[in-house]
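Q: Got a minute to go through this model with me? I'd like to start with the sheet and then move to the ligand.

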Amino acid sequence: MRHDIIICGCGPAGAAAGLTLARQGRSVLMLDKAHFPRPKLCGGLLTWKAVRLLETVFGETMAALTDAGIVTHVSERYAIRSPRAVLAQGGLPYPFHFTDRARFDARLLEHAARAGAEIRTGMRVAACDPGAEGAGQSRPARVTLADGTALEADRLIGADGANSVVRNSFPGLDKARFNRFMAPAIEVALDPAALSGPVDCPQLHVGLLEAGYGWVFPAGDRVQVGICGLRRGNVNFSSVFRDFIDYLEIDPAAVPPLRGHPLPYGNALDDPAWGRALLAGDAGGFVEPLFGEGIFYALCTGLYAGQAVAKAMDTGQAAGPLYNHRLRRDIHPELRWSDRLRWMLFRAVKLAGPRSLGLFVNSGSTRLAEMVHGMRSFAWLRPKRWYFLEQ
Ligand SMILES: Cc1cc2nc3c(=O)[nH]c(=O)nc-3n(C[C@H](O)[C@H](O)[C@H](O)COP(=O)(O)OP(=O)(O)OC[C@H]3O[C@@H](n4cnc5c(N)ncnc54)[C@H](O)[C@@H]3O)c2cc1C
């Protein structure tokens, strides 16, 4: 069975790519192993830039998502804590919006379906071949489903998350390097009554892990408690999580069985293209490596992958260089500068203790919050220009 474009994965990256291509009248097949709405382990925090992208590309407003019960909490404050003290806290120049990921993702997928993308869920991609184009070679991309069905496409977008099958089919990929920066993450949703006080703003907890952090996020009628970090030494994440629960004075009996999911944490690929395939979102490692923000980067790289594929099909150019051009302009510099900042902060906390982080944040909290939101760049806090806002 032959299609113009196949997108593996219907999360935010796949939905943005599928919507972009279907709007341009392309025949798009979107595959996902799950049926939607599907559970997704995530804090669901949206920054200013994610809100702007949802408005610009999906036509979604926070008011509409709140009415639909998808935005579950809005916070204009934050707190950063260590086990011994509140390191920084204060107001935000723009609020954080918290979403129910299962319903958020299903809503974004509806946009792609309404634009004309064909969605097939409950279909697990078991293997794939990214195909070939150029230099005298031409071979379509191939996807084999778990039931043995083989599908072919002129173009393939791998938006199949952190454990991407599409990525693992790229022959030149340094898998060991990618996996070295794959952070284990654990998160549970708790009844707010299980905590010793109300949680009305997001809390970040440092000093639990050498290269990572914990969080307590408001989530409507629940509270999300999680940790993530790089594997440094012999760290046992379940035991760090239990210590975190203990320090938050939560009765372990109130904690459901622990659930985990890997988070790409500093492994964005420089060239996420091979043959006829592009990678977007977690599949390409596009997560901001200080705070682990991935929803915006999934949406934005999905948008750019869709635009690159559409332009490649119009002009006969290869999609890889078109996609990489957009990533180099907007995405890679942010992720690189955020990576530098995180190592500086992780080292400062290790050598001088968590208070050094508090001093850093308090030295310019408004501008740093604007940086987290994407109003300013991680590169020297310069005002940030996002090209999707100018198209
Ligand atoms: C614990 C935790 C908390 C987080 N909190 C936040 C947060 O608060 N804010 C934020 O911005 N980011 C957060 N992130 C990161 C964010 O969740 C991801 O970066 C984001 O979901 C990436 O979107 P995606 O579309 O690339 O991948 P996903 O959302 O993972 O979607 C991938 C899709 O591919 C499908 N799929 C996978 N394999 C196959 C296959 N073989 N065949 C068919 N389908 C397949 C899956 O079913 C899934 O629907 C968090 C991550 C974790 C783990």
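Q: How do strand 4 and strand 5 pair, and over how many bridges?
A: Strand 4 (residues 71-81) and strand 5 (residues 86-99) are antiparallel, with nine bridges. Strands here are DSSP runs of E with at least two residues, helices are runs of H or I with at least four, and both are numbered from the N terminus. Two strands pair if DSSP finds at least two bridges between them.

Q: Before we go on, what kind of model is this, and what are the ground rules?
A: This is a predicted model: local features need pLDDT of at least 70, side-chain atom pairs count only at pLDDT 80 or more, and totals for chains, interfaces and linings use all residues. Residues are numbered from 1 along each chain as its sequence is written, and side-chain values use heavy atoms, with hydrogens and water left out.

Q: Back to the hairpin. How many residues sit between strand 4 and strand 5?
A: Four residues lie between the two strands of that hairpin. Arg-81 has Val-86 in strand 5 as its bridge partner.

Q: And which way does strand 13 run against strand 4?
A: Parallel, with three bridges between strand 4 and strand 13 (residues 203-205). Ile-80 is opposite Leu-204 of strand 13.

Q: What's the full strand order?
A: The order is 3-5-4-13-14-15-12-16, an open sheet of eight strands with mixed pairing. Strand 3 (45-46) and strand 16 each have a single partner strand, so each has one side without a neighbour in the sheet.

Q: How does strand 16 join strand 12?
A: Through five bridges, running antiparallel. Ile-186 has Gly-260 in strand 16 as its bridge partner.

Q: Switching to the ligand. Which residues are closest?
A: Asp-32, Arg-38, Val-125, Asp-282 and Ile-295 are the closest, out of 36 residues around the ligand. A residue counts as near if one of its heavy atoms lies within 4 Å.

Q: What polar contacts does Asp-282 make there?
A: A polar side-chain atom of Asp-282 is 2.6 Å from a ligand oxygen atom. A polar contact is a pair of N or O atoms within 3.5 Å; within protein, one must be able to donate a hydrogen and the other to accept it, and residues adjacent in sequence count only if both atoms are side-chain atoms. Backbone N or O atoms take part too: one of Ile-295 lies 2.9 Å from a ligand oxygen atom, and one of Gly-43 lies 2.9 Å from a ligand nitrogen atom.

Q: How much of the ligand is covered?
A: The protein covers 94% of the 1000 Å² of accessible area that the ligand has on its own. Areas come from the Shrake-Rupley method with a 1.4 Å probe; for residues, only the protein chains shown count as cover.

Q: Which elements give two or more residues to the shell?
A: Helix 1 (12-23), strand 12 (182-190), strand 14 (212-219), strand 16 (260-264) and helix 8 (295-315).

Q: Now the backbone. Which peptide bond is cis?
A: The one from Phe-36 to Pro-37, with omega near 0°. Pro-37 is in the loop between strand 2 (28-32) and strand 3.

Q: What about phi at Glu-249?
A: Phi of Glu-249 is near 60°, a positive value in a residue other than glycine. Glu-249 sits in the loop between helix 7 (237-247) and strand 16. For context, most residues other than glycine have a negative phi, and most peptide bonds are trans.
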